[in-house]
Amino acid sequence: MSNSSERSRPPISSAGLAGLLAWIGVLVALSWWMAQQSYSWLPVQASTAAPLVDGLFSFETGIGTFVFGSVVSVMAWVLLKHRAEKYDESDAEPIEGNTRLEVIWTVIPLLLVMAIAVYAMRVNTKLGVLGPMEHIHLANPVEDQGGYAADRLPAEQVEVIARQWSWEFRYPSANVSTTELHLPVDQPVSFRLVSDDVIHGFYIPAFRLKQDVIPGRAINFNLTPTREGRYRLRDSQFSGTWFAANQADVVVESPEAYQAWLKNAASQPLQPGLSDAVIEYGERKQLKNPGWATVPPAPPPQVNVPGSNTLPHDA
């Protein structure tokens with residue numbers, strides 16, 4: 001019955017085919033425009049990984065726009081062209097199967113999904129070349145300053161210690177510790193990420209890279225900043241009550257300014273670092289009704305340079 005039903009359908013007219021192709025062209029143009037617009041939805045690009053991630057996001061935005069526009073167009077065409085007449089309560093004509101239509105709505109989504117998968121794999125491969133991540137299982141979950149000699153990578157530059165709820169950055173070569181991350185522009189940097197308590201998320205939106213920091217592991221994580229400025233490091237994992245306050249400024253500067261900062265920081269005495277969670281916890285304890293019970297924040301780390309703790313405009 002389905003074959004005879006398909007043979008009885010009149011072929012699409014040349015005018016109808018021209019209109020269909022024209023509308024597909026409109027959808028393609030709209031999708032391309034939306035893909036270009038998506039770049040403006042994201043923070044500034046400040047690392048070598050950012051253009052790759054933004055390109056994938058733009059591609060997926062264009063694909064999504066085309067799929068959404070196609071589905072809405074078909075729905076609108078069916079509602080407007082094939083709606084029943086007023087007061088028509090009769091049943092619609094029973095139709096069984098349409099091989100051509102079934103092939104179309106199977107092949108097109110398959111091609112789109114495969115295109116996204118291939119693009120994503122290419123981006124992930126390039127990101128792996130830019131900065132491979134290596135997980136090191138620690139024999140002792142307690143992480144001492146300087147780490148273990150066998151765990152260290154030769155190119156390691158900065159140790160990142162995540163706590164509830166503060167960040168500490170150590171520069172072993174200069175014997176400097178700070179709660180504000182400084183990086184030289186256009187130079188690869190290798191991080192060694194460790195957590196003193198729970199899972200945290202090392203995420204700098206302008207760099208487009210995120211890495212979970214897992215207790216009991218030392219995770220080596222590489223990136224290359226490409227734009228001078230002040231950015232924001234955020235905890236992307238829900239690590240407890242004050243996880244939203246677990247932020248730190250990231251300063252990307254020229255190599256000369258970076259070396260001058262390291263030299264000056266090494267001459268400073270240790271002092272408590274910045275910890276918004278400790279401040280807020282102290283203010284809450286002064287209230288008559290402090291509310292629900294919570295884990296006390298870890299004491300502020302002792303650092304050479306507390307730095308600033310502001311929300312920059314280009315974060």
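Is S239 buried or exposed in this structure? With a relative accessibility of 4%, S239 counts as buried. Keep this serine in mind, as its surroundings come up again below.

## The overall picture

Welcome to a predicted model. The protein has 315 residues, and 36% of them count as buried. Its secondary structure consists of six helices and 13 strands.

Contacts across the chain are worth a look too. Among those between residues at least 6 apart in sequence, 73% join residues at least 24 apart. The accessible surface of the protein is about 18500 Å², and carbon and sulfur atoms account for 63% of that area.

## Two helices to find

A good starting point is helix α3, which covers residues 50-81. This helix has 32 residues and spans 46 Å from its first C-alpha to its last, close to the 46 Å expected at 1.5 Å a residue. Several residues of α3 are buried, among them A50, D54, G55, L56 and S73.

Helix α2 takes in residues 14-37, and L20 lies within it. L20 is partly exposed, at 42% relative accessible area. Together with L17, L21, I24 and V28, L20 forms a nonpolar patch on the surface. The accessible area of this patch adds up to about 410 Å².

## The nonpolar core

In soluble globular proteins, nonpolar side chains tend to be buried together. Here, the largest nonpolar core has 38 residues. Those with the most contacts inside it are F169, Y171, L181, F191, F202, F207 and V250. Helix α5 gives the most to this core, with four residues.

L181 offers a view of the core's surroundings. Beyond its neighbours within four places in sequence, L181 is in contact with V158, F169, Y171, F191, F202, I204, D249, V250 and V251.

Helix α5 runs over residues 255-266 and includes E256. At 59% relative accessibility, E256 counts as exposed. The C-alpha atoms of E256 and V185 are 9.9 Å apart, with their positions 71 residues apart along the chain.

## Where two loops meet

Now back to the opening serine. S239 sits in the loop between β10 (229-235) and β11 (247-253). Leaving out neighbours within four places in sequence, S239 is in contact with Q164, W165, V198, I199 and H200. G240 belongs to the loop between β10 and β11 and is buried, at 15% relative accessibility. With residues up to four places away set aside, G240 touches Q164 and W165. G240 and W165 are 75 residues apart in sequence, but their C-alpha atoms are 8.3 Å apart in space.

W165 itself is in the loop between β2 (158-163) and β3 (166-171). The peptide bond from Q164 to W165 is cis, with omega near -5°.

## Unusual backbone angles

Most residues other than glycine have a negative phi, and most peptide bonds are trans. Y87 has a positive phi of about 70° although it is not a glycine. This tyrosine is in the loop between α3 and α4 (99-130), and Y87 is exposed at 70% relative accessible area.

N175 is also not a glycine, and has a positive phi of about 55°. N175 lies in the loop between β3 and β4 (176-178) and counts as exposed, with 59% relative accessibility.

## Charged pairs

Side chains of opposite charge can pair when their charged atoms come close. The model holds eight salt bridges. One of them joins R230 and D249, whose closest N and O atoms are 3.1 Å apart. This pair links distant parts of the chain, with R230 in strand β10 and D249 in strand β11, 19 residues apart. R230 is partly exposed at 30% relative accessibility, whereas D249 is buried at 0%.

D249 also forms a salt bridge with R232, where the closest N and O atoms are 2.4 Å apart. This second pair again links distant parts of the chain: D249 is in β11 and R232 in β10, 17 residues apart. R232 is buried, with a relative accessible area of 5%. Elsewhere, R163, E168, R170 and D196 are joined into one network by salt bridges that share partners. Within this group, the side chains of E168 and R163 meet at 2.9 Å, N to O, and both residues are buried.

Key: Residues are numbered from 1 along each chain as its sequence is written. This is a predicted model: local features need pLDDT of at least 70, side-chain atom pairs count only at pLDDT 80 or more; totals for chains, interfaces and linings use all residues. Side-chain values use heavy atoms; hydrogens and water are left out. Patches are made of residues with over 30% relative accessible area and no salt bridge: like charges are joined within 9 Å, nonpolar side chains (Val, Leu, Ile, Met, Phe, Trp, Tyr) within 5 Å. Accessible areas come from the Shrake-Rupley method with a 1.4 Å probe; for residues, only the protein chains shown count as cover. A salt bridge is a side-chain nitrogen of Lys or Arg within 4 Å of a carboxyl oxygen of Asp or Glu. Buried means under 20% relative accessible area, exposed over 50%, partly exposed in between (1.4 Å probe, protein chains only). A nonpolar core is a set of buried Ala, Val, Leu, Ile, Met, Phe, Trp, Tyr and Cys residues joined through side-chain atoms within 4.5 Å. Contact means heavy atoms within 4.5 Å. The expected span of a helix is 1.5 Å times one less than its number of residues.
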